[in-house]
Structure formats: C-alpha cells, structure tokens
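Reader: Hello! I would love a close look at one part of this structure, the metal site, along with whatever surrounds it. Could you walk me through it at an easy pace?

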Amino acid sequence: MSKNVVASVHYTGTLQDESVFDSSEGNDPLTFLVGHQQMIPGFEQEMQGAKVGDRRTFTLIPERAYGERDDAGVVQLPRSQFPPDEELNVGMVLVAQVTEGPLPFRILTVGEENITVDFNHELAGHDLTFSVEVVELREATEEELEHGHVHGPGGHHH
Ligand code: ZN
C-alpha cells in the first residue's frame with residue numbers, strides 16, 4: 001500500500017474496552033485512495049507497504065486518529081435555533097450547515113431554553129485499535145488522482 005494506490009481492506013476498529021466502533025465485517029470492503037486524506041493519518045502510516053493478504057493490527061493514539069477532545073467544542077445553543085417541531089433527544093446526532101460544509105454534532109442535554117451540543121468527533125480522545133486485512137490493491141486511474149477519490153465499486157459513481 002503506497003500513495004496513489006486504490007486499496008480495499010476489511011477492518012475492525014475497537015476501543016480500549018474492546019467494544020467495536022466500526023467494522024466492514026459482513027459488508028463490502030472499505031475502498032480508498034491512499035495518500036489523499038481520505039483516511040485518518042495513522043491508519044495509512046501503519047498500512048504502508050502492506051500487500052494483498054497482509055493483516056496488521058495496530059493502536060493509534062488520538063493525535064494519530066481523530067484528535068483530542070476540545071472542550072470548546074461543547075456549546076450551548078438556544079432552543080430557538082432548532083426547528084420548533086423537531087423532537088430533540090440526548091444522544092441525537094444532527095448536522096449543522098456551515099460555510100465549510102456539513103458539521104455533525106451530538107446533543108448532550110436538552111433544556112427548556114438551551115440545548116448543549118458537542119461538535120467533537122465521537123472518536124476524539126480515544127485510542128483506537130484497528131485490525132486490517134488488505135483485500136485488493138490497484139493503481140489509481142488518472143481521473144481518480146485528479147478527483148482525489150476512488151471511482152467504481154466502493155467509490156464515487158459519477
Ligand atoms: Zn470523481
């Protein structure tokens with residue numbers, strides 16, 4: 001696995017308490033263009049040089065995965081900023097539309113006037129262990145390199 005290669009992998013990600021937060025088991029493998037910021041940085045670093053059939057297991061500290069939690073990401077928003085007829089529940093994930101694009105956040109508390117939300121990534125602040133098996137590697141096409149993403153199975157269709 002190296003830059004500008006299209007990689008397909010099966011993977012399982014676990015937290016330190018061994019609960020699984022994400023897995024491709026039972027689904028199609030995950031396909032991505034290596035070296036184009038599609039994956040968290042540590043993932044690609046640990047898979048450098050892996051060949052088809054190779055299995056690797058590694059643990060990433062937060063700064064190599066989704067970063068540390070930022071307390072500034074927890075903010076109170078007035079209830080009036082939400083649609084009045086939308087039912088708001090603790091744990092719900094909503095998406096704010098900001099100039100940089102969609103920004104997901106989680107609801108922490110629901111008050112009469114204020115809603116406390118968390119813009120931190122759900123996996124921020126966690127050490128993540130990945131078990132990865134390389135299923136397929138191929139050279140990216142020129143068009144894929146231009147677009148910075150994979151076309152066809154597991155990628156964009158356009
Ligand atoms: Zn494209």
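Author: Happy to; below I start with the metal site, move to the pocket that shares a residue with it, and then set both in the whole chain.

Please keep in mind that this is a predicted model. The metal is a zinc ion, and the residues that coordinate it are His147, His149, His151 and His158. Which atoms do the work? His147 uses ND1, while His149, His151 and His158 each use NE2, at distances of 1.9 to 2.2 Å. The angles among the four donor atoms run from 98 to 123 degrees, and the site is tetrahedral. Four donors are called tetrahedral if all angles lie between 85 and 135 degrees, so the range of 98 to 123 degrees satisfies that rule. If you follow the chain with a finger, the donors show the spacing H-x1-H-x1-H-x6-H.

Are the ligands buried or exposed? Two of them make a nice contrast. His151 has 13% relative accessibility and therefore counts as buried, because the limit for buried is under 20%. His158 has 65%, so this residue counts as exposed, the cut-off for that being over 50%.

His151 also takes us to the second largest pocket, since this histidine is part of that pocket's lining. The space there comes to about 190 Å³. Alongside His151, the lining includes Pro153 and Gly154, as well as Val135, Glu136 and Arg138. Val6, Ser8, Asp28, Pro29 and Thr31 complete the list. Which elements contribute at least two residues? They are strand 1 (5-14) and strand 9 (128-139), and strand 9 gives the most, with three residues. By character, the lining is a mixture of four nonpolar, four polar and three charged residues.

For comparison, here is the largest pocket, with a volume of about 250 Å³. Its lining has 13 residues, and those closest to the centre are Tyr11, Phe21, Asp22, Tyr66 and Phe130. Strand 2 (20-23) and strand 3 (30-33) are the elements that each give two or more residues to this lining. Here the residues divide into 10 nonpolar, one polar and two charged.

Now for the wider setting. The chain has two helices and nine strands, and from the N terminus their order is β-β-β-α-β-β-β-β-β-β-α. The domain assignment places 5-66 and 123-147 in domain 1, and 71-118 in domain 2. The centres of the two domains, taken over C-alpha atoms, are 30 Å apart. The C-alpha trace as a whole spans about 55 × 40 × 30 Å along its principal axes. Of the 158 residues, 34% count as buried.

Two backbone details are worth a look while you have the model open. Most residues other than glycine have a negative phi. Asn4, in the segment before strand 1, has a positive phi near 70 degrees. With 26% relative accessibility, Asn4 counts as partly exposed. Gln37 also has a positive phi, near 55 degrees, and sits in the loop between strand 3 and helix 1 (41-47). At 73% relative accessibility, Gln37 counts as exposed.

To come back to your request, the part to keep in view is the zinc ion with its four histidines, where His151 is both a ligand and a lining residue of the second largest pocket.

Methods:
Residues numbered from 1 in each chain as written. Predicted model: local features only at pLDDT ≥ 70, side-chain atom pairs only at ≥ 80, totals over all residues. Heavy atoms only, no water. Domains from an automatic or database assignment. 1 Å grid on protein atoms, 1.4 Å probe; cavity = no way out; pocket = protein on both sides within 12 Å on 5 of 7 lines; lining within 4 Å. Points joined across faces, edges and corners; volume = space filled by probe spheres on them. Helix = DSSP H or I, 4+ residues; strand = E, 2+ residues; numbered from the N terminus. Nonpolar A, V, L, I, M, F, W, Y, C, P; charged D, E, K, R; others polar. Donors = N, O, S within 2.8 Å, 3.2 Å for Na, K, Ca; no water. Tetrahedral: all angles 85-135°; square planar, octahedral: opposite > 155°, others 65-115°. Buried < 20%, exposed > 50% of the residue type's maximum accessible area, 1.4 Å probe, protein only.
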